[in-house]
Amino acid sequence: MPELPEVETVCRGLAMKMEGRVLTRVEQRRPNLRIPFPDRMVERLTGRRVVTIRRRAKYILIHLDDDQVLIVHLGMSGRMTIGQDLGPPAAHDHVLLTTDDGSDIRFNDARRFGLMAMTGADILDSHPLLASLGPEPLGNEFSAETLSRALKAKITPIKSALLDQTVVAGLGNIYVCEALFRAGISPTRIAATVAGRDAERLVPVIREVLTEAIAAGGSTLRDYVQASGELGYFQHSFSVYDREGQACPGCTCDISSTGGVQRIVQANRSTFYCPRRQR
DNA sequence: CTTTCGTCCTGACTGC
DNA sequence: TGCAGTCAGGACGAAA
């Protein structure tokens, strides 16, 4: 499931292949993903040159030479595959792009939680999908002060607060679990109680876990493929995520007495944590 | 207003 | 072996 580091990796892969290139062929193979495709998307993309590709939260922003921006979200199962002469579309290939130097770029999304939208570059930040996003966790605006301010009035668990894209933009279930583990903060803590001292510990840890994952080229558990189209998944080692019952990497005592990593459900999502190390 | 919960979707996995 | 049921999850929108 692509989170910020995976989206960053995809952006970098797409940028290498697409920036400066003209989209010579565009094919849209169904009317919608989570939402309908933009009106006349094929016509609006065909013949356009890609200027830059950037990321905001988990959105891929493809800037075109007519000052339009294609907004892409990978959702849960979305992936981009890149290659030369990829042949007939695979199952769930929904959008096919070809560049003037012969690269094929395909958006594949089995579960169709992803989306595409288009808007003008000048009004990009006020687009409904982007307008209420909080600070980038790797940006200068994200600090213990801004995080504390965002958490101060929240009575929801810190786990839920960190998944709230208005608090900080781009964290998903995996990296919230991992960051809380590294910070030694229980996911069940009321968000407001994390403001202050704990937020000072949390901010660098969030940056650290994301930076490591980006450096590793993204990570996955199931169905993520790097933008380069390379075969295989990058297997990232998580401390707690999806490790229910396994030994917590920080606890040296016998797992039979600790129970290892616990799984609980918060807001209908699995949370993994170590009750001994996270308070 | 804030917070929670249902919804979209398919494939991987579990258990009978 | 086959098949029904469960689960996964981002983000929106409805409900509380």
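A polar contact is a pair of N or O atoms within 3.5 Å. Keep that cut-off in mind as we look at how this protein meets DNA strand C; the model is a predicted one.

**Meeting the DNA**

Start with R263: an N or O atom in the R263 side chain sits 3.1 Å from a phosphate oxygen of DNA strand C, so with a cut-off of 3.5 Å the two atoms make a polar contact. Two other side chains can be read in the same manner, and here they are together.

| Side chain | Atom of DNA strand C | Distance |
|---|---|---|
| R111 | base nitrogen | 3.4 Å |
| R263 | phosphate oxygen | 3.1 Å |
| S270 | phosphate oxygen | 3.0 Å |

So what part of the DNA does the protein face, going by the atoms of strand C within 4 Å of it? Sugar or phosphate accounts for 57% of those atoms, and bases make up the rest.

There are 17 residues around DNA strand C, and the ones that come nearest are H73, R111, Y241, R269 and S270. If you sort the residues of this surface by character, you get six nonpolar, five polar and six charged.

**Rings that meet**

Y241 is worth a second look. Searching the whole structure turns up three aromatic pairs. In one of them, the ring centres of F238 and Y241 are 5.9 Å apart and the planes stand at 80°, so this pair counts as edge-to-face. Both of these residues are buried.

Y241 also pairs with F272, again edge-to-face, with 5.2 Å from centre to centre and 70° between the planes. This pair ties together distant parts of the chain: Y241 lies in the loop between α6 and α7, while F272 belongs to strand β10, 31 residues away. Like Y241, F272 is buried.

Which residues make up the aromatic cluster? Y175, F238, Y241 and F272 form it together.

**A covered helix**

Y175 takes us to helix α5, where it is one of the buried residues. The helix runs over residues 173-183 and is mostly covered, with ten of its eleven residues buried. Among the others tucked away are N173, I174, V176 and F181.

What does the covering? The elements over the buried residues of α5 include α1 (4-18), α4 (158-163), α6 (197-215) and β10 (269-273). You've already met β10 as the strand that holds F272.

Right after α5 ends comes G184, which has a positive phi of about 70°.

Key:
Residues are numbered from 1 along each chain as its sequence is written. Chains are lettered from A and ligands numbered from 1 in the order in which they are written. Side-chain values use heavy atoms; hydrogens and water are left out. A residue is near a molecule or strand if one of its heavy atoms lies within 4 Å of it. A polar contact is a pair of N or O atoms within 3.5 Å; within protein, one must be able to donate a hydrogen and the other to accept it, and residues adjacent in sequence count only if both atoms are side-chain atoms. Ala, Val, Leu, Ile, Met, Phe, Trp, Tyr, Cys and Pro count as nonpolar, Asp, Glu, Lys and Arg as charged, and the others, Gly among them, as polar. Buried means under 20% relative accessible area, exposed over 50%, partly exposed in between (1.4 Å probe, protein chains only). Helices (H or I, at least four residues) and strands (E, at least two) are DSSP runs, numbered from the N terminus. Contact means heavy atoms within 4.5 Å. Rings of Phe, Tyr and Trp (its six-membered ring) pair if their centres lie within 6.5 Å; planes under 30 degrees apart count as stacked, over 60 as edge-to-face and the rest as tilted.
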